[in-house]
Amino acid sequence: MADAVEVKSGFKLAKLDLDRRLPDKAHYERALEAAQTGMLEVQQAYKVANLRGIVMFEGWDGGGKGGAIQRLTERLDPRWLRVWAIGPPSPDEQGRHYLWRFWEKLPPPGHIAIFDRSWYGRVLVERVEQLTPKKDWQRAYREINEFERMLTDDGIRLVKLFLHVSAEEQLRRLADRIANPIKHWKIAADDIRNYSRRQDYLAALDEMFERTSTKTARWHAIPGEHKWFARLAAINTAVSVLARGLKLGPLPVDEAVTKAAFKFLKTDEIAAIGLKRDRKTEKRK
């Protein structure tokens, strides 16, 4: 089974086993169908029970976030789902607390929100690129933990995923985006600059994991060297965390539907839609 690694104290990203993979494409396709079905059942359960969930993706440029998000959402109903691609803050957002723009994107009841990058930019890119004073990004660890604690205390299920690839694989994927005209839109100058500062990002990531992987909002690190494995691990982890304590599976026909059918439809019409009379129905009548 493709599994992410739950981040606990002492975790170092550089020690993550990147050789984890699936045996072949047939295995991947079978496992992907099962994982996507599980994610669909999660969405249905959230819609019926008015629950709220967040699946948050962080990772290297070229680390596979987009592909994982695409497979995670492929079979879901878009009416109860929102994917947020997080870029640099707008001028208006820069004049406010950095968490303000994320409050506006929290999911309403019955919905799941997917974040492609997140509020962790404060302690990653803003730290490494010196876009924020040191005292501010250092304070952000406490603010982020308090923010996530408020979310989980309020009933939101939060999944935090980081897709990790080696420097060699990251460079190969960046090269592929330059060589393939169809992928030119996927690469920016920032990707090259960020790659050149990979060691600085590794140090920032290890501190981020150590200070923000809490009991209520654990990080999960995903070996992303092999895309099939990473995609399955992302979906399986999302299903596992979002479904904790819930009963998944096909939902029964709403009792109100059955009552309406026996009240308004003829006998042959009731049979045509697959309903049958039973003793409980007769007693209710």
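Asn50 sits in the loop between H1 and S2, and its backbone is a good place to start in this predicted model. The phi angle of Asn50 is near 60°, a positive value in a residue other than glycine. With a relative accessibility of 49%, Asn50 counts as partly exposed. You will find a similar case at Arg117, in the loop between S4 and H5. There phi is near 75°, again positive in a residue that is not glycine. Arg117 has a relative accessible area of 24%, so it is partly exposed, given that buried means under 20%.

Let's step back from Asn50 into helix H1, which covers residues 25-49 and holds Gln43. Is Gln43 buried or exposed? Its relative accessible area is 3%, so Gln43 is buried. Setting aside neighbours within four places in sequence, Gln43 is in contact with Leu76, Asp77, Trp80, Leu81 and Ile112. For one of these partners, Asp77, the C-alpha atom is 8.0 Å from that of Gln43, although 34 residues separate the two along the chain.

On the other side of the Asn50 loop comes strand S2, where Val55 has its place. Val55 is buried because its relative accessibility is 0%. Beyond the residues up to four places away in sequence, Val55 touches Leu72, Ile112, Ala113, Ile114, Phe115, Val159, Leu161, Ala238 and Leu242. Leu242 is 187 residues away from Val55 along the chain, yet their C-alpha atoms are separated by 8.7 Å.

That last contact brings us to helix H10, residues 227-242. Its 16 residues should span 22 Å at 1.5 Å a residue, and the end C-alpha atoms are indeed 22 Å apart. Of those 16 residues, 13 are buried, so H10 is largely enclosed by the rest of the structure.

Now for the interior. The largest nonpolar core has 40 residues, and those with the most contacts inside it are Leu13, Ile54, Phe115, Trp119, Tyr120 and Phe209. Two or more residues of this core come from each of strands S2 (53-59), S4 (112-116), S5 (157-164) and S6 (219-223), and from each of helices H6 (134-153) and H9 (198-212). A second, separate core of 33 residues includes Tyr46, Phe57, Ile69 and Val159.

Which residues does Tyr120 touch, leaving out those up to four places away in sequence? They are Met56, Glu58, Ile144, Glu148, Lys160, Met208, Thr212 and Trp219.

Helix H9 deserves a closer look. With 15 residues, H9 reaches 20 Å from its first C-alpha to its last, close to the 21 Å expected at 1.5 Å a residue. The buried residues of H9 are Arg198, Tyr201, Leu202, Ala204, Leu205, Asp206, Met208, Phe209 and Thr212. What do they pack against? Their partners are helices H5 (125-128), H6, H7 (167-179) and H8 (189-196), together with strands S5 and S6.

Finally, let's turn to empty space. Rolling a probe the size of a water molecule over the atoms shows where such space is left. The second largest pocket has a volume of about 210 Å³. Its lining consists of Glu6, Thr152, Ile156, Arg157, Leu158, Lys215, Thr216, Ala217, Arg218, His220, Val241 and Arg244. By residue type, the lining of this pocket divides into four nonpolar, three polar and five charged residues.

Technical notes: Residues are numbered from 1 along each chain as its sequence is written. This is a predicted model: local features need pLDDT of at least 70, side-chain atom pairs count only at pLDDT 80 or more; totals for chains, interfaces and linings use all residues. Side-chain values use heavy atoms; hydrogens and water are left out. On a 1 Å grid over the protein atoms alone, a cavity is a set of points where a 1.4 Å probe fits but cannot get out, and a pocket is an open set with protein on both sides within 12 Å along at least five of seven lines; lining residues have an atom within 4 Å of a point. Grid points are joined across faces, edges and corners, and a volume is the space filled by probe spheres set on the points. Ala, Val, Leu, Ile, Met, Phe, Trp, Tyr, Cys and Pro count as nonpolar, Asp, Glu, Lys and Arg as charged, and the others, Gly among them, as polar. A nonpolar core is a set of buried Ala, Val, Leu, Ile, Met, Phe, Trp, Tyr and Cys residues joined through side-chain atoms within 4.5 Å. Buried means under 20% relative accessible area, exposed over 50%, partly exposed in between (1.4 Å probe, protein chains only). Helices (H or I, at least four residues) and strands (E, at least two) are DSSP runs, numbered from the N terminus. Contact means heavy atoms within 4.5 Å. The expected span of a helix is 1.5 Å times one less than its number of residues.
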